[in-house]
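Okay, thanks for making room for me today. I'll put the sequence and the structure up, and then walk you through the part that caught my eye.

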Amino acid sequence: MLAEIIKVFIKYMGYELYTTIFTSMKEKFDKYFHHLPHLLGLAIIIDPRCKEVGLQEFLERIFDDQIQFATIMQTCNRLFQEYRAAAAASASINTPTQTTLAVQQSRGGRLSIFTAIKNRKISQHISVSSSELQRYLESPSVDDSDNFDILEWWIQNDSLWHVVSQMACVVLT
């Protein structure tokens, strides 16, 4: 419903006939939804059809405020850092520590090559994920279509942007 209101604002904002009506509506919209740009901004950023360009367009058309762009991007980066830290913590729980590995080896136990490969993949995934959000934002936008399902897209692209995918699924639901 809110998206429909925004679409109407965008469609008729330039018409002089509606200026008085929209000025009043926009004042009320801003009063009640002034914090909303952060949530909508996050949703726009994680929409692979929009990303940062979509956020800039949204803020210019609806809020006439580019100052919020930097704030919303900072919020997005902080949120990503929290999700990345949680992913790293859960991976470290499942990954044997160097002490555990040394104890296993000192007891004559040898790690299988498969365990070593798995541990290496996990540690590489954690270090690569530091640039995951930036890689996502720099990737080409997805073409828009009538039957585009954003949650399905994130599920299908989880292997490319695992942490951003987790963040997206929470923000969008």
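Let's start with K51, a lysine that is buried and yet has no salt bridge. This is a predicted model, so keep that in mind throughout. Where is the nearest side chain of opposite charge to K51? It belongs to E52, and it is 8.2 Å away. A salt bridge here needs a nitrogen within 4 Å of a carboxyl oxygen, so K51 goes without.

So what does K51 touch instead? K51 sits in helix α4. Leaving aside neighbours within four places in sequence, its contacts are I44, I45, Y136, L137, S139, P140 and S141.

Y136 is on that list, so let's turn to Y136. Beyond residues up to four places away in sequence, Y136 touches I45, I46, D47, P48 and K51, and also W153, W154, W161 and V164. Y136 is also one of the residues that touch the most other members of the largest nonpolar core, along with I45, L55, L133, W154 and V164. That core has 26 residues. Helices α3, α4, α5, α8, α9 and α10 each put in at least two of them. Which helix gives the most? That's α5, with 7 residues.

Next, the loop between α3 and α4, where P48 is found. Buried or exposed? P48 is buried, at 1% relative accessibility. Among its contacts, again leaving aside neighbours within four places in sequence, are Y136, S141, V142 and F148, and the list goes on with I150, W153 and W154. Measure C-alpha to C-alpha from P48 to D143 and you get 8.5 Å, although the two are 95 residues apart in sequence.

Now the charges that do pair up. How many salt bridges are there in the whole structure? The search finds 2. In one, the side chains of D47 and R49 meet, N to O, at 2.7 Å. In the other, R49 meets D144 at 3.0 Å, again N to O. Why care about that second pair? R49 is in the loop between α3 and α4, while D144 is in the loop between α8 and α9, so the bridge ties together parts that are 95 residues apart in sequence. Through shared partners, D47, R49 and D144 end up in one network.

How do those three compare in burial? D47 is buried at 9% relative accessibility, R49 is partly exposed at 28%, and D144 is exposed at 60%.

What about disulfides? The search of the whole structure comes back with 0. As for cysteines, C76 is buried, with a relative accessible area of 0%, whereas C50 is partly exposed at 27%.

Let me zoom out to finish. The protein chain has 10 helices and 0 strands, so reading from the N terminus you just get α after α. Of its 173 residues, 31% count as buried. The chain exposes about 11400 Å², and carbon and sulfur atoms supply 58% of that. And for contacts between residues at least 6 apart in sequence, 65% join residues at least 24 apart.

So, back to where I came in: K51 is buried with no salt bridge, while R49 and D144 pair up across 95 residues of sequence. That's what I wanted to show you.

Terms used
Residues numbered from 1 in each chain as written. Predicted model: local features only at pLDDT ≥ 70, side-chain atom pairs only at ≥ 80, totals over all residues. Heavy atoms only, no water. Helix = DSSP H or I, 4+ residues; strand = E, 2+ residues; numbered from the N terminus. Buried < 20%, exposed > 50% of the residue type's maximum accessible area, 1.4 Å probe, protein only. Contact = heavy atoms within 4.5 Å. Areas by Shrake-Rupley, 256 points an atom, 1.4 Å probe, with all protein chains shown as cover. Core = buried A, V, L, I, M, F, W, Y, C linked by side-chain atoms within 4.5 Å. Disulfide = S-S within 2.5 Å. Lys, Arg positive; Asp, Glu negative; His and termini not counted.
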